[in-house]
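This report walks through one protein chain, from its aromatic contacts to its cores, loops and annotated segments. Please keep the sequence and the model in view while reading.

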Amino acid sequence: MFEYLIGLVTVVTPAYVVLEVNGVGYLLQTANPYRFQEDPKKNVKIYVYQAVRDTDINLFGFVDSEEKQLFLKLLNVSGIGPKSALAILANEDHGGLISAITNNDVKYLTKFPGIGKKTAQQIVLDLQGKLGDIGIVTSATEVETGPTVNSSALRDALAALSALGYSGTDVKRVAKKLDDNQTTSTDAYLSQALRLLTQA
């Protein structure tokens, strides 16, 4: 029903954002809510997907149409629901994800929460050769650094990992590595944590 919404991000939590459009607040579940934590007075465009089920209606938000297309492709895989798809997309190296699917890299895919070997093989089986139309190119995003550790940002990033479905053990393991860094933003902490979790 919706392609995208343009408005002000008024709330950012570990699992969702609220986008205010003409006085109406839309709750959008997103892979990494902190990517939308910008100037609260600046309008942003968020691509959306509406999921209607017997018991509820949910809106999912994406930074661009390519991420939305990748989400929809993942939903077509047997055993992948919206939460699992968001957890996979939280790692912003979507080019790496597409490369793993193309090259049958099951080990890479099993590093995402809730994705076992069987589901990883199903992802490859269902999507291999079907992602060329998305147009995502691998890009390495440098982590922003600053002079002091922002513990509030770190706590928010760890809460976001838990919301994505990562186990308490995984969260604690990466927390030790992140605590030693000089990262300043929640988004940067979360991006780095996701890289560490998929590389481990």
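Are F62 and F71 buried or exposed? Both are buried. The model is a predicted one, and every value below is computed from it.

## Overall architecture

The chain holds eight helices and five strands. Their order along the sequence is β-β-β-β-β-α-α-α-α-α-α-α-α. The five strands thus precede the eight helices in the pattern.

The chain has 200 residues, and 43% of them are buried. Its accessible surface is about 10,200 Å². Carbon and sulfur atoms account for 48% of that surface. Take the contacts between residues at least 6 apart in sequence: 59% of them join residues at least 24 apart.

## Aromatic pairs and a charge over a ring

Seven aromatic pairs turn up in a search of the whole structure. One of them joins F62 and F71, with ring centres 4.8 Å apart. The planes of F62 and F71 make an angle of 50°. This pair is tilted, because 50° falls between the limits of 30 degrees for stacked and 60 for edge-to-face.

F62 and F71 also belong to a wider group. Together with Y49 and F60 they form one aromatic cluster. Elsewhere, a lysine meets a ring: K45 lies over the face of Y4. The distance from K45 to the ring centre is 4.3 Å.

## Two nonpolar cores

The largest nonpolar core counts 49 residues. Those with the most contacts inside this core are I80, I88, L109, F112, I123, L161 and Y166. Which helix gives the most to this core? Helix α6, residues 151-164, does, with seven residues. Another core lies apart from this one and has 11 residues. Among them are L5, L19, V21 and V48.

Y166 repays a closer look. Beyond residues up to four places away in sequence, Y166 touches A87, K111, F112, P113, L161, V171, L194 and L197. Two of these partners, F112 and L161, are also listed with Y166 among the residues with the most contacts inside the largest core.

## Helix α5 and its partners

Helix α5 covers residues 117-127. Its buried residues are T119, A120, I123, V124, D126 and L127. What do these buried residues pack against? They pack against α1 (65-75), α2, α3 and α4. I123 is one of the residues with the most contacts inside the largest core. After α5 comes G129, with a positive phi near 85°.

## The annotated segments

UniProt, in an unreviewed entry, lists residues 72-91 and 107-126 under "domain: Helix-hairpin-helix DNA-binding motif class". How much helix does the model place in each segment? Residues 72-91 are 60% helix and 0% strand. Their end C-alpha atoms are 16 Å apart. Residues 107-126 are 65% helix and 0% strand. Here the end C-alpha atoms are 17 Å apart.

## K83 on helix α2

K83 sits in helix α2, residues 82-89. K83 is exposed, because its relative accessibility of 55% is over the 50% limit. Leaving out residues up to four places away in sequence, K83 touches A163, L164 and G165. K83 and T30 are 53 residues apart along the chain, yet their C-alpha atoms are separated by 9.3 Å.

## Loop asparagines

Most residues other than glycine have a negative phi. Two asparagines here have a positive one. N22 has a phi of about 50°. N22 lies in the loop between β2 (16-21) and β3 (24-30). N22 has a relative accessible area of 79% and is therefore exposed. N104 has a phi of about 55°. The loop between α3 (94-102) and α4 (106-109) holds N104. N104 counts as partly exposed, at 47% relative accessibility.

A third loop asparagine is N32, between β3 and β4 (44-52). Is N32 buried or exposed? N32 is buried, because its relative accessibility is 0%. Outside residues up to four places away in sequence, N32 touches E92, D187, L190 and S191.

How values were computed
Residues numbered from 1 in each chain as written. Predicted model: local features only at pLDDT ≥ 70, side-chain atom pairs only at ≥ 80, totals over all residues. Heavy atoms only, no water. Phe/Tyr/Trp six-rings, centres within 6.5 Å; stacked < 30°, edge-to-face > 60°. Buried < 20%, exposed > 50% of the residue type's maximum accessible area, 1.4 Å probe, protein only. Lys NZ or Arg CZ within 6 Å of the ring centre and 35° of its normal. Helix = DSSP H or I, 4+ residues; strand = E, 2+ residues; numbered from the N terminus. Contact = heavy atoms within 4.5 Å. Areas by Shrake-Rupley, 256 points an atom, 1.4 Å probe, with all protein chains shown as cover. Core = buried A, V, L, I, M, F, W, Y, C linked by side-chain atoms within 4.5 Å. UniProt positions renumbered as here; feature names shortened; annotations may be inferred.
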